[in-house]
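Here are my notes for you to read alongside the model. Keep the 3D view open and look up each residue as you go.

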Amino acid sequence: MDKLPDGLRHFVIHHPLPRCALWRDKMPKSRDPDAYRSYIEARNLWRSKIEWKLTKLEASKVLSGVQAGADAGDWGARALMAYFYREGLGPLSNNNVLQPDADKAVAITRSAVAVGQPWGFYDLGVAYEYGYGGAKQSNVVAWAYYLRAAELGSPDAQMTLAEAYAQAGRPKDEEAMLKCAFEQGHGPAADKLGLHLMVRGNYAEGIKIYHQGVKFGCEDCAGELRFLFEKGSWPYNKKQNQEFANIGIFIDVERSRRYELIEAALKINPDLKFSKLDEILPLPPARLPEWKGYEAGLEEENLESPRY
């Protein structure tokens, strides 16, 4: 059996669940505003359009801004640089500014692990699962990293463990892990939790979870609600129309249109957070306010007081 790095333990499917930790608690308590600003302005440019539509000049600005933030010590910037080294930046020949370099990606990830950051443990688990960047392929080591990442609060790792529990026939434990991720504002967890509730016929709670997921920036959640208000029913159960009527859900073209606009915005920029969603698109029975564009529902960005 593959030897585990110090401090890690084997993931055993029938062992007790890790507790719900918060990844933000494991990150540095403060961030340099200048480093953060360089990073976030570059990230905003990167997310301003689909990547293949970036010009080479724009892609170069993205890279230089994120690199400057990383060099100045911002861990958000370093995590994004690891992503760029793993995936490359600029998918076309006319806008490519960085070729993938798995070794550099994993080197950054290992530096995050060295200081105990949850995202580093998760990303290093991925490297071991697929065997790149000098990480020898090993599912045993990969799952030990996933377990530690989940214990530290990585929502991605909590989602990974949830899937393992689902496959092992432990639906309650799957849902417990999904809730851990959801409570940290993780959009994909909202999408899965919402689906679970809808399948069980708990439509009112499922819709609330999807709506909360939109606040987190979940494109699929916005799509589910867009379809729901377009049809006035859920596509996987044709016998429940009266149940939707009982909770105030009917065909609502304007609500559907607004979710569609938000869904389209999130397709381009999945970083958007709609913390003020209820001010522009409340759930029934609340009446819809005047539409001032999806931008009116966005969380305000404070570059002077950066936070995770």
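**Notes on the model**

1. Let's begin with T160, which sits in helix α7. Keep in mind that this is a predicted model. Is T160 buried or exposed? T160 counts as buried because its relative accessible area is 17%, and the cut-off for buried is under 20%. If you skip the neighbours within four places in sequence, T160 is in contact with Y122, W143 and Y146.

2. Now take in the whole of α7. The helix runs over residues 155–167, so 13 residues in total, and spans 19 Å from its first C-alpha to its last, close to the 18 Å expected at 1.5 Å a residue. Plenty of α7 is tucked away: among its buried residues are P155, M159, L161, A164 and Y165. What covers them? The cover for the buried residues of α7 includes α5 (118–130), α6 (139–152), α8 (171–182) and α9 (187–199). Just after α7, have a look at G169, which takes a positive phi of about 75°.

3. Next, the inside. In soluble globular proteins, nonpolar side chains tend to be buried together. Here, the largest nonpolar core holds 64 residues, and Y145, L161, I207, V214, F244 and I262 have the most contacts inside it. Helix α6 gives this core its largest share, 9 residues. There is also a second, separate core, with 26 residues, including M27, V66, A70 and A112.

4. F244 deserves a click of its own. Which residues does F244 touch, not counting those up to four places away in sequence? They are M198, Y203, I207, L228, G232, S233, W234 and I249.

5. On to the charged pairs: the count comes to 25 salt bridges. Try D271 and R43 to start with, whose closest N and O atoms are 2.6 Å apart. D271 lies in the loop between α13 (253–268) and α14 (277–280) and R43 in helix α1, so this pair ties together parts that are 228 residues apart in sequence. D271 is partly exposed, at 26% relative accessible area, whereas R43 counts as buried at 17%.

6. Another pair to find is K267 with E219, a salt bridge with its closest N and O atoms 2.8 Å apart. This one links distant parts of the chain too, with K267 in helix α13 and E219 in helix α11 (residues 219–231), 48 residues apart. K267 is exposed, with a relative accessible area of 54%, while E219 is partly exposed at 23%.

7. For a pair within one helix, go to R258 and E254, whose side chains meet in a salt bridge (2.7 Å, N to O). Both lie in α13, 4 residues apart, which is about one turn of the helix. R258 counts as buried at 4% relative accessibility, but E254 is partly exposed at 26%. Salt bridges can also join up into a network, as they do for R226, E230, K231 and E263.

8. Finally, check the outside. I50, W52, L92 and I268 form a nonpolar patch on the surface, and together they have about 360 Å² of accessible area. Where is I50? I50 lies in the loop between α1 (33–46) and α2 (56–71), and is partly exposed, with a relative accessible area of 36%.

Methods. Residues numbered from 1 in each chain as written. Predicted model: local features only at pLDDT ≥ 70, side-chain atom pairs only at ≥ 80, totals over all residues. Heavy atoms only, no water. Patch = residues over 30% accessible without salt bridge, like charges linked within 9 Å, V, L, I, M, F, W, Y side chains within 5 Å. Areas by Shrake-Rupley, 256 points an atom, 1.4 Å probe, with all protein chains shown as cover. Salt bridge = Lys/Arg side-chain N within 4 Å of Asp/Glu carboxyl O. Helix = DSSP H or I, 4+ residues; strand = E, 2+ residues; numbered from the N terminus. Buried < 20%, exposed > 50% of the residue type's maximum accessible area, 1.4 Å probe, protein only. Expected span 1.5 Å × (residues − 1). Contact = heavy atoms within 4.5 Å. Core = buried A, V, L, I, M, F, W, Y, C linked by side-chain atoms within 4.5 Å.
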